[in-house]
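Work through the exercises below with the sequence and the model open. Try each task before reading its solution.

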Amino acid sequence: MPRAGLTVERLTRAGAELADEVGFDQVTVSALARRFDVKVASLYSHLKSSQDLKTRIALLALEELADRAADALAGRAGKDALAAFADVYRDYAREHPGRYAAARFRLDPETAAASAGVRQAQMTRAILRGYDLAEPDQTHAVRLLGSVFHGYVSLELAGGFSHSAPDPGTSWVRIVDALDALLRDWPAPAP
């Protein structure tokens with residue numbers, strides 16, 4: 001029987017908060033039970049496993065990111081849209097490092113196809129339409145943007161840029177400028 005006051009949504013949100021505090025890899029049903037001062041068994045009426053909990057946190061993070069990105073992109077195009085989109089990812093990762101890690105959690109294909117990750121991909125492609133990229137270059141550009149955003153954010157979160165000047169925020173702006181220039185002058189495929 002489910003414990004009064006505990007719901008899947010409440011447990012998922014608490015798991016997301018826990019991920020931000022201790023790291024996504026440390027989130028388990030046992031850790032969540034300790035947070036609510038309940039026995040682990042009492043959570044299994046709401047959650048199937050730690051894998052189920054992590055999947056739910058990943059879906060929550062993807063939804064939050066997609067909602068933020070949609071708000072940031074409204075009425076923007078070109079470099080302005082690219083910068084807003086990039087800033088959403090960087091800001092979200094800095095505010096919610098555990099949830100950001102959760103957004104990278106491997107989902108099964110059916111779950112991934114029904115997730116807000118699809119909305120994020122659509123928004124990325126919408127930005128790229130402003131740069132007039134056709135396939136397969138558009139897919140290459142989606143992968144480039146994802147790699148640059150995630151790589152930079154991951155290094156920054158790990159303290160990789162804290163030991164030298166200029167400020168990481170200045171580098172971020174320059175990187176977005178460089179991406180914009182590259183997208184405007186996308187190279188032709190090699191023969």
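D37 is found in the loop between α2 and α3 (40-43), where helices (H or I, at least four residues) and strands (E, at least two) are DSSP runs numbered from the N terminus. This is a predicted model, in which local features need pLDDT of at least 70, side-chain atom pairs count only at pLDDT 80 or more, and totals for chains, interfaces and linings use all residues. Residues are numbered from 1 along each chain as its sequence is written, and side-chain values use heavy atoms, with hydrogens and water left out.

**Exercise 1.** State the sign of phi for D37 and decide whether D37 is buried or exposed.

Solution. Step one: phi of D37 is near 55°, a positive value in a residue other than glycine. Step two: apply the classes, which are buried under 20% relative accessible area, exposed over 50% and partly exposed in between (1.4 Å probe, protein chains only). Step three: D37 has a relative accessible area of 69%, so D37 is exposed.

**Exercise 2.** Treat D132 in the same way, and find its loop.

Solution. Step one: D132 lies in the loop between α8 and α9. Step two: its phi is about 60°, positive although D132 is not a glycine. Step three: the relative accessibility is 70%, so D132 counts as exposed.

**Exercise 3.** Locate the cis peptide bonds that precede P136 and P166.

Solution. Step one: the bond from E135 to P136 is cis, with omega near 0°, and P136 lies in the loop between α8 and α9. Step two: the bond from A165 to P166 is also cis, with omega near 0°. P166 belongs to the loop between α9 and α10.

**Exercise 4.** Classify the ring pair of Y89 and F149.

Solution. Step one: rings of Phe, Tyr and Trp (its six-membered ring) pair if their centres lie within 6.5 Å; planes under 30 degrees apart count as stacked, over 60 as edge-to-face and the rest as tilted. Step two: a search of the whole structure finds 7 aromatic pairs. Step three: the ring centres of Y89 and F149 are 6.5 Å apart and the planes are at 25°, so this pair is stacked. Step four: Y89 is in helix α5 and F149 in helix α9, so the pair ties together parts 60 residues apart in sequence. Step five: both Y89 and F149 are buried. Step six: ring pairs link F85, Y89, F149, Y152, F161 and W172 into a cluster.
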